[in-house]
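Visitor: Could you take me through one part of this model in detail, with the packing around it and the values that support each step?

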Amino acid sequence: MVELLAIAAFVLLVVAVAGSVVPLLPGALLSIAGVLLYWWQSGYAEPGPILLVVLVIVGLIGVLADYFAGAVSARAGGASTVTTVLAAVVGIVLFFVAGPLGVIVGVMGTVFVVEFYRHQDPEQSLRTAIYAAIGMLASTVIQALLTVTMLVTMVLVHFL
């Protein structure tokens, strides 16, 4: 039974890496779940307490990047809260229509249109839309690096 739980923990960690690049799949949360499942199945022995805390913090940073990087970057580019919320809704809907590309195009398009409506300035609207897209892509890269790091760390914990 213990080996099955360890395998399940590693499955969660591997799926988490994929989830870091697939919208709507909580990669960082899956990584945290994998680490905690492995820790539980080891009788709370592996990873040790310090490494466990570090891995959970790394996972939480990934969660924050996942949920807030796009919004923070759009806001940094000048987008309103309404624009950010509308862009998130459109991105989610377009994910089911056109996949990950739909999310990026939907968010950029929504930010551009709403900000152009607000300011009548195409350059500012485009800049804000580009900020939002860069934030989304940066968030994906950050999550991928963090989840891969967590997976590699747990592989080392298991085999060393």
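Guide: What follows starts from one alanine and works outward to aromatic pairs and a pocket. The model is a predicted one, and the values below are computed from it.

Ala 129 lies in helix 5, and at 1% relative accessibility Ala 129 counts as buried, since the cut-off for that class is under 20%. Leaving aside residues up to four places away in sequence, Ala 129 touches Met 108, Val 111 and Phe 112. Gly 109 can be placed relative to this residue as well: Ala 129 and Gly 109 are 20 residues apart in sequence, while their C-alpha atoms are 7.1 Å apart in space.

Two aromatic pairs deserve a closer look here, out of a count that comes to 4 aromatic pairs. In one of them, the ring centres of Phe 10 and Tyr 38 are 5.6 Å apart and the ring planes stand at 75°, so this pair is edge-to-face, a class that requires an angle over 60 degrees. Because Phe 10 belongs to helix 1 (residues 2–19) and Tyr 38 to helix 2 (residues 27–41), the pair ties together parts that are 28 residues apart in sequence. Phe 10 is buried, with a relative accessible area of 17%, and Tyr 38 is buried too, with a relative accessible area of 3%.

Phe 112, one of the residues that Ala 129 touches, forms an aromatic pair with Phe 116 that is stacked, with 6.1 Å from centre to centre and 10° between the planes. Both Phe 112 and Phe 116 lie in helix 4 (residues 81–119), where they are 4 residues apart, about one turn of the helix. Phe 112 is partly exposed, with a relative accessible area of 29%, and Phe 116, at 29% relative accessibility, also counts as partly exposed.

Helix 4 and helix 5 also appear in the lining of the largest pocket, where the elements that give two or more residues are helix 3 (49–76), helix 4 and helix 5 (122–159). About 810 Å³ of space lies in this pocket. Of the 32 residues that line the largest pocket, Pro 23, Leu 24, Asp 66, Val 103 and Met 136 are the closest to its centre. Helix 4 supplies the largest share of the lining, 12 residues. Sorted by class, the lining of the largest pocket has 23 nonpolar, 8 polar and 1 charged residues.

Technical notes. Residues numbered from 1 in each chain as written. Predicted model: local features only at pLDDT ≥ 70, side-chain atom pairs only at ≥ 80, totals over all residues. Heavy atoms only, no water. Phe/Tyr/Trp six-rings, centres within 6.5 Å; stacked < 30°, edge-to-face > 60°. Buried < 20%, exposed > 50% of the residue type's maximum accessible area, 1.4 Å probe, protein only. 1 Å grid on protein atoms, 1.4 Å probe; cavity = no way out; pocket = protein on both sides within 12 Å on 5 of 7 lines; lining within 4 Å. Points joined across faces, edges and corners; volume = space filled by probe spheres on them. Nonpolar A, V, L, I, M, F, W, Y, C, P; charged D, E, K, R; others polar. Contact = heavy atoms within 4.5 Å.
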